[in-house]
Amino acid sequence: MVPLLAAAGLTTADINDTCRRLEVKAQIKVLELAAEAIGDDLLGFHLARDFELGEIGLPYYVMSSSESLAEALRNAARYSAVANDGVRLKVRQDRDAVIEIEYANVDRSSDRHQIEFWMVALVRICRKITDCRLAPLRVGLRHSRKNAPPELNAFLGCEVDFGSNADEIVLSKAVFSLPVAGGDPHLHNLLVGYAEEVLARRSALSAVGARSKVEDVLIKLLPHGRANALEVARQLGMSRRTLTRALSGEGTSFSEVLEQLREVLAKRYLRERELPVSQIAWLLGYREISSFTHACKRWTGMTPRRLRLADLPSAN
C-alpha cells in the first residue's frame with residue numbers, strides 16, 4: 001500500500017488517523033491504483049458489498065433511526081458532508097424517487113471505483129434499514145464500461161446503465177415510502193441534533209479563511225518544532241497541495257504566513273518582560289537563539305534585546 005498511497009499524496013499515517021479527512025481526489029486515486037495493482041476491475045463494488053455499514057458514521061445512524069426510507073434518504077442528502085466533503089447527495093421525487101450523487105470540485109471522468117462503491121453502499125443501506133431486499137428500477141453511472149458486469153447487475157437487481165447523463169439510483173414510489181425497520185424517534189431526534197451541531201461547526205469552519213486556520217494550527221505547532229506545511233495540512237484534514245492552492249487563492253503562501261506570524265508573535269512576546277529570549281525562541285520554533293536573532297534582524301534590523309528595549313507599539 002505504501003507506494004500506492006504515496007502516488008496519491010498520502011501515507012499510512014493519514015489513512016490510520018480517524019480524525020483525518022481525506023480529499024475525494026486522493027480517495028479516487030488510491031482506489032484506481034489499488035484496482036490496477038491487484039487486477040480487480042470491480043474493486044469499488046467488492047468493497048461496498050463487504051464492508052460494515054456503520055463505518056460510514058453519523059449519517060448512517062441518522063438514516064437507520066429515521067421513520068421511513070424517504071426520510072432516511074433526505075437525511076443522507078443533508079448530512080452527507082459530515083462524512084465526506086466532496087460527495088453530495090440529492091433526492092427528488094417526480095413519478096419515481098431519484099437519488100443523485102454529485103462530486104464537488106472533482107473531475108468525474110477520473111473515477112469509476114469510488115462512485116460504484118457509493119452506489120452499491122446506498123442500495124445496501126436501503127436494504128438494511130428497511131429489512132427488505134429491494135431492487136432499484138434503474139441505476140445510472142456516467143462512466144462507460146465495455147460490458148455491464150453480470151455480478152454487479154445481479155447484486156443490484158437491475159441492469160446498470162453505463163454512460164448515463166447522471167450518477168443516480170431510481171426507486172419506485174412504493175419502495176421510497178417503505179418504513180424503516182426498528183426506527184427509533186427518540187434516538188433519531190438526539191442524532192439529528194448532534195448532526196446539526198456538527199454541520200454548523202463545519203460550516204463555520206469553512207467560512208474562516210485558509211490563512212486564519214493555518215495560523216491557529218501553527219501557534220500550537222511552533223513550540224514543538226513541527227510547524228511545516230505537511231503537518232499543518234494533515235491537521236486541517238487536507239493534502240499539502242490543497243493547502244497550497246487555498247493559500248494561493250488568498251494571495252499568500254505557507255512560508256509567508258509562517259514568517260509573518262513569527263514576526264507578529266516575536267514582537268508580542270518581547271513585550272512580556274518576564275519571558276527570556278531563549279524561551280521566546282522556543283515558542284517560535286527556533287532551536288537556537290542565533291536563528292531567532294537572525295530572523296529579528298531580517299524583520300526589523302535589530303536584535304531581540306534591542307527590540308525589547310525599543311518598547312514597540314502594540315502589534316495589530
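**A buried arginine and a five-stranded sheet**

In this predicted model, R262 touches L222, L284, G285, Y286 and W299, leaving aside residues up to four places away in sequence.

Reader: Which helix holds R262?

Author: The contacts of R262 include L222 and W299. R262 itself belongs to the helix that spans residues 254-270. That helix is α14.

Reader: How far from R262 is the nearest side chain of opposite charge?

Author: R262 is buried and has no salt bridge. A salt bridge requires a side-chain nitrogen of Lys or Arg within 4 Å of a carboxyl oxygen of Asp or Glu. The nearest side chain of opposite charge belongs to E259, at a distance of 5.3 Å.

Reader: In what order do the strands of the open sheet lie?

Author: The sheet has five strands with mixed pairing. Its edge strands, each pairing on one side only, are β1 (87-93) and β4. The full order is β1-β2-β5-β3-β4.

Reader: Is the crossover from β3 to β4 right-handed or left-handed?

Author: Strands β3 and β4 (residues 160-162) pair in the parallel sense over three bridges, and L141 has F162 as its bridge partner in β4. Between these strands the chain passes through helix α8 (residues 150-156). This β-α-β crossover is right-handed.

Reader: Which residue in β5 stands opposite V139?

Author: Strand β3 (residues 138-141) is joined by three bridges to β5 (residues 168-171). These two strands run antiparallel. Opposite V139 in β5 stands I169.

Notes:
Residues are numbered from 1 along each chain as its sequence is written. This is a predicted model: local features need pLDDT of at least 70, side-chain atom pairs count only at pLDDT 80 or more; totals for chains, interfaces and linings use all residues. Side-chain values use heavy atoms; hydrogens and water are left out. Two strands pair if DSSP finds at least two bridges between them. Helices (H or I, at least four residues) and strands (E, at least two) are DSSP runs, numbered from the N terminus. A crossover is right-handed if, with the strands pointing away from the viewer, the path from the first strand over the helix to the second runs clockwise. Buried means under 20% relative accessible area, exposed over 50%, partly exposed in between (1.4 Å probe, protein chains only). Lys and Arg count as positive and Asp and Glu as negative; His and the chain ends are not counted. Contact means heavy atoms within 4.5 Å.
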